[in-house]
There are 2 protein chains.
Amino acid sequence: MKKSIFKKLRSIVGRKYCTDSETDLICYSYDATNLRYMPEVVVFPERMEEVAAIMRLATEERFPVIPRGAGTGMTGGALAIKGGVVLVLTRMNRILRTDADNMVAEVEPGVITGNFQKVVEAKGLFYPPDPSSAAYSTIGGNVAECAGGARAVKYGVTKDYVLGLSVVLPTGDCIHTGVETTKGVVGYDMTRLMVGSEGTLGVITKIVLRLLPLPETVCTMTAVFDHIEDAARAVSGIIRSGIIPRTLEYMDQSAIRCAESYLNIGLPVDAGAMLLIETDGPKEMAEMEISKLCALCLSYRARSVHKAKTPKEALDLWKARKAISPALFKLNPDKINEDIVVPRSKVPDLVKKIDDLRNKTGLTIVSFGHAGDGNIHFNIMLDKSKTSELKKANVAVETLFKYTVELGGTISGEHGVGITKLPFIRLEMSEAEIDLMRRIKKAFDPNNILNPGKIFLHA
Amino acid sequence: MKKSIFKKLRSIVGRKYCTDSETDLICYSYDATNLRYMPEVVVFPERMEEVAAIMRLATEERFPVIPRGAGTGMTGGALAIKGGVVLVLTRMNRILRTDADNMVAEVEPGVITGNFQKVVEAKGLFYPPDPSSAAYSTIGGNVAECAGGARAVKYGVTKDYVLGLSVVLPTGDCIHTGVETTKGVVGYDMTRLMVGSEGTLGVITKIVLRLLPLPETVCTMTAVFDHIEDAARAVSGIIRSGIIPRTLEYMDQSAIRCAESYLNIGLPVDAGAMLLIETDGPKEMAEMEISKLCALCLSYRARSVHKAKTPKEALDLWKARKAISPALFKLNPDKINEDIVVPRSKVPDLVKKIDDLRNKTGLTIVSFGHAGDGNIHFNIMLDKSKTSELKKANVAVETLFKYTVELGGTISGEHGVGITKLPFIRLEMSEAEIDLMRRIKKAFDPNNILNPGKIFLHA
């Protein structure tokens, strides 16, 4: 990168917030995929005007710009695969307003999702989307990836809560999309086109979010099953019952064992599967529903059910589910982490397929996730340095992807495409559809400078 | 239009389903705006392949194509303002499947919304979006306009229920957008870009819809207020209470009087306003909530409240609200019908402004609508042949639009832009935003043949 460009960037954000030192570049060269691509410069703007000036310069000088939140993405969305400038949004981290009368809030993209949730909950409001990374990921990143989370079965995902955005286009123009209100049909829905566009269409500088009233009570239970097929059928039974649980999570045997090896709290390591279920709402209603679901799980041959009687007990029930991700690394140093979705009624088929693959390949495959919406996380734990193991794992991933699409599902429910799933999008998208995406991309970014090489290949 | 093109169209859909007779052209020259533009041909395809062939021909021969459902749109979306071929989707009217296990359905665009609702409700399922036109408008039209309705306050609008689409692009290519599942983030959200695009980006040939379990019970009440400000404050109180009503409708005094002149059932014609409220869900819950809302309305100085004790009583309570639209024409032969949205907390301000305008201009302005989401329908009843009255009315519309935007609202909550609101979009959208829409349009429709002249001007 030309020294003159570095100087111009430095004059836009200030000396302190523009760096090309090797240490800094290394820090911003990777994300949660652990893949590494060195950027040439890292900048930390504070205001929309600085972002706009950076994008104008990038358009003039044709260098890549990669927007970045907390760098917790799982598919390489924030990686500088073609070098260029990583544009970190974390200094833009103010909650601009919360409006209880109109149930909206306005935030900057660098706000940590978990912090935002605490702030609004203290006011009796509720921002439901809760990706597992909420304690450290940013709203801006969540919006760019359309993050999901365990509460999606009842409350939907990030896209269902974004009312409007301020966006800096790749050319430097600033636009507002959407409305303050929950209804609005003037012009194309560019808000929803931006959500999940993985930082390839514009840089988000402000987000208007829809809020709900905070539910009065949350009830939590677990159900342990001898056979995973019974657990899968119980999931279908719950959906058909008319009760919409706040969360409906499951863990297979390998996930339970993995969590137990980490926690040592006496989890049922011989069980086929565990369900973790929450209901929420007015006290009598939430309690009535959780009791009904206990009975329902027992009717589907759950070996045991356990209802939390206190908030502490509820946290304990969640421990196992939350321990899986960190615990996985006790099995093997590397992880291939996928988040497919199948129609709920097909969850038993998918679970069986994972089981078959596990037996056939000998790979360590742990499966758990959001059973309520068919969003299964399967993780292959391996040692990537062992070439034969890596080969087997890649074949297993492709097999599961194809089977997922065959079942009417999708290869990504929450993590996006980025670079890691880019080779597989043709399992789901036709040439005509990919070509249309290219034309939309070109309408926003004629010079292909904003996060190039993500989701699909340029031509 | 060249005779050779007519012959080709006829060979695509069959002789019976292709017409250029004057009588037929007149029938398809207008919609609910009552504006009239004669097309040159009207075709009635039955299958996606026919639609694709028509679009390929239109691209080759460069004639406009205007997709049309039931023609009930309120902003001119289905009008052939540049001549060309009106493409009527009503023969494509099959409900292809309903899946209670996965809570999805797949329909063709010509399915009547109200019929679809009845079919799924008979199976214990629920498709909430209920535009007032549901008894005769089509799902395809609803999707193209992102139709709303009274239940939006609790259940959202059409866009919240569309999981995926089959679309014929203006060039004739066929694409699928979205997923079968409630979560999916592969590629850009082209489903949501299509919803509300008013037939300018593609012709929708199949829709995958999300369903909910049918609520067990619906409870209905009305509340009569001496002063409309009290009613508006009660609306805010209801939203803040944490109870999310199924519907929360209001009628101002002129709307009540209008309905009474039509129905003669003893409506309170001296009241300032009436609220019509529903709750739904499990029986005890819905009943408890409606009782709470009765008490709440009384605490906001409602003169009286009335809870329906039977389904028939509930229908009676709705009579007044449903009578307004037809009743309006007793006042004057012409109607200017707008559907602005303001943040809920600003509803009192807007209502006052309408009152002021009514007093200042002497115009007959009736206001009613979806108070729960700030979506106010104001109708100016006039005699368009009286030029001074028409002038005054147009000034009043512009005044209210500007005030709406000033209050942080939008000039269209449900009806779209079409041609009737096209002159006003600059109140809400900047040149950069309009230009971006043009580039998106160009990405889909390089030759500008699909529903040209709608939403924004081409260049």
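Colleague: What makes the contact between the side chains of K421(A) and D339(A) a salt bridge?

Modeller: First, keep in mind that this is a predicted model. The nitrogen-to-oxygen distance for K421(A) and D339(A) comes out at 3.5 Å. The rule asks for a side-chain nitrogen of Lys or Arg within 4 Å of a carboxyl oxygen of Asp or Glu, so the pair qualifies.

Colleague: And how do you know that the pair links distant parts of the chain?

Modeller: Look at where the two residues sit. K421(A) is in the loop between helix 13 and helix 14 of chain A, while D339(A) belongs to strand 16, residues 334-341, and the two are 82 residues apart.

Colleague: How many salt bridges does this rule give over all chains?

Modeller: The count comes to 68 over all chains. Across the interface of chain A and chain B, the rule finds eight.

Colleague: What makes D101(B) and R240(A) a salt bridge?

Modeller: Here the N to O distance is 2.5 Å. The cut-off is 4 Å, so this pair counts too.

Colleague: While we're on that interface, how much area is buried between chain A and chain B?

Modeller: About 6,000 Å², with carbon and sulfur atoms giving 65% of it. Chain A puts 76 residues into the contact and chain B puts in 77. On the chain A side, K183(A), V185(A) and Y188(A) supply 16% of the area that chain A buries against chain B, more than any other three residues.

Colleague: Now the helices. Why is helix 12 of chain A called roughly antiparallel to helix 13 of chain A?

Modeller: Their axes cross at roughly 160 degrees and come within 11 Å. Angles over 145 degrees count as roughly antiparallel, so that is the name this pair gets. The crossing is right-handed. Among the residues in contact are L350(A) and K353(A) from helix 12, and A396(A) and Y403(A) from helix 13. By class, the contact has six nonpolar, three polar and three charged residues.

Colleague: What about helix 9 and helix 11 of chain B: why perpendicular?

Modeller: The axes of helix 9 and helix 11 of chain B cross at roughly 85 degrees and come within 8 Å. The range for roughly perpendicular is 65 to 115 degrees, so the label fits. A255(B) and Y262(B) of helix 9 are among the residues in this contact, and so are A323(B) and I324(B) of helix 11. The contact holds 11 nonpolar residues, no polar ones and one charged.

Colleague: Last one: why are helix 8 and helix 10 of chain B called oblique?

Modeller: Helix 8 and helix 10 of chain B pack at about 140 degrees, with axes 9 Å apart. Roughly antiparallel needs an angle over 145, and roughly perpendicular covers 65 to 115, so this pair is oblique. The crossing is right-handed. A234(B), G237(B) and I238(B) of helix 8 meet L293(B), L296(B) and C297(B) of helix 10. Those residues divide into five nonpolar, one polar and no charged.

Definitions and conventions: Residues numbered from 1 in each chain as written. Chains lettered and ligands numbered in written order. Predicted model: local features only at pLDDT ≥ 70, side-chain atom pairs only at ≥ 80, totals over all residues. Heavy atoms only, no water. Axes fitted to C-alpha atoms, helices over the stretch in contact; angles between N-to-C directions. Helix = DSSP H or I, 4+ residues; strand = E, 2+ residues; numbered from the N terminus. Parallel < 35°, antiparallel > 145°, perpendicular 65-115°, else oblique. Left-handed = near helix turned anticlockwise from the far one by under 90°. Contact = heavy atoms within 4.5 Å. Nonpolar A, V, L, I, M, F, W, Y, C, P; charged D, E, K, R; others polar. Buried area = accessible area lost by both parts, 1.4 Å probe.
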